[in-house]
Amino acid sequence: MTMKTILTVEDSNSMRQMIGYILRSAGYNVVEAEDGSKGLAQAQSGKFDLVVTDQNMPNMDGLSLIKALRQMPDYKSTPVIMLTTEASDTMKQRGREAGATGWMVKPFDPNRLLEICQKLLG
Amino acid sequence: MTTVRMQDVGAPVTYFDPRFKVQAAKILPGEFYVTGRDMALVTVLGSCVSACIRDPESGIGGMNHFMLPGSSERSPASASARYGAYAMEVLINQLLKMGAKRSRLEAKIFGGCNALLGGGTQSIGESNARFVQEFLSTEGIAIAAQDLLDAYARKVYYFPRTGRVLLKKLRTLRNDTIQQRELEYSERLTNSRIDGEVEIFR
């Protein structure tokens, strides 16, 4: 089986390192980007099996990144998980409309994140 | 089982401080507050820590007040690391939402007294203090001032507009309110579910 590659988009260095550590420990190949626009550039230059993104980031936020990804033929149906401190129903609804696959509220359970990745990556 | 979230704690109590003639907000364990107004943010810290962070150019600043959940896990993704990073991120996110620039942020950090809550090989205060220092260093946020550890609780007044801090070490405590508050907060973190909700849309 080929190793699945996950793109992690997160502006907090601590949080990005933590998410990267969790996913790499589970055997995934992880590429990190520090804001939405860098994440989009990564997505344009490679093909990822799944995207985990934060919402509040400089330059381009998570919702804008998801909308941009959904315009790209390669990412029309790629699972995208929003991993954010935003917990309101309004934000979740905006995420659903933007095309997010799932919404995880921080602080997050690493095992839950891995379960979801595993499920979405089939 | 309840979920502990910084946002759920409610808006801190604000009042007029006659001494400094400004509006003041009292920040309790688990709370945070961000403002662009000229006001005072006030807290009393035992083993807990506070990060006071501001953007000197816009004058937008805020303060949090938290401790790490006691956990023997030693992993970069331990419950302590995840909750601590969350407590810092909600403060920083709110600062940025209100117009502060990440590259200009500067921090002043206080608390982590060793005496109030017991600890094992490393005291709770020391773990909290070390976490804030390491988090800020990883994030590249400069520490402009700090007063950590030691044996005394602290009362901190932070004026985000100017960055000024007035700190008083409480060498004698009139009652056990600080310990009680921190103990309740610590128990809430230990006994409740820390992790947030998950929803899969499709």
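Two strands count as paired if DSSP finds at least two bridges between them; strands (E, at least two residues) and helices (H or I, at least four) are DSSP runs, numbered from the N terminus. The model here is predicted, so local features need pLDDT of at least 70 and side-chain atom pairs count only at pLDDT 80 or more, while totals for chains, interfaces and linings use all residues. Residues are numbered from 1 along each chain as its sequence is written, chains are lettered from A in the order in which they are written, and side-chain values use heavy atoms, leaving out hydrogens and water.

On that footing, E2 (residues 22-26) and E4 (residues 39-45) of chain B run parallel to each other over four bridges, with B:Gln23 sitting opposite B:Met39 of E4(B). Both belong to an open, mixed sheet of five strands, ordered E1-E2-E4-E9-E10 in chain B. E1 (13-17) and E10 (164-170) of chain B are the edges: each has a single partner strand, so one side of each lacks a neighbour in the sheet.

Helix H3 (residues 177-191) of chain B packs on this sheet, touching E2, E4, E9 (153-159) and E10 of chain B; contact means heavy atoms within 4.5 Å.

As for nonpolar cores, these are sets of buried Ala, Val, Leu, Ile, Met, Phe, Trp, Tyr and Cys residues joined through side-chain atoms within 4.5 Å, buried being under 20% relative accessible area (1.4 Å probe, protein chains only). The largest has 64 residues, of which B:Ile53, B:Phe66 and B:Leu136 touch the most other members. Helix H1 (residues 79-97) of chain B gives the most to this core, namely 10 residues.

Conventions
Axes fitted to C-alpha atoms, helices over the stretch in contact; angles between N-to-C directions. Buried < 20%, exposed > 50% of the residue type's maximum accessible area, 1.4 Å probe, protein only.
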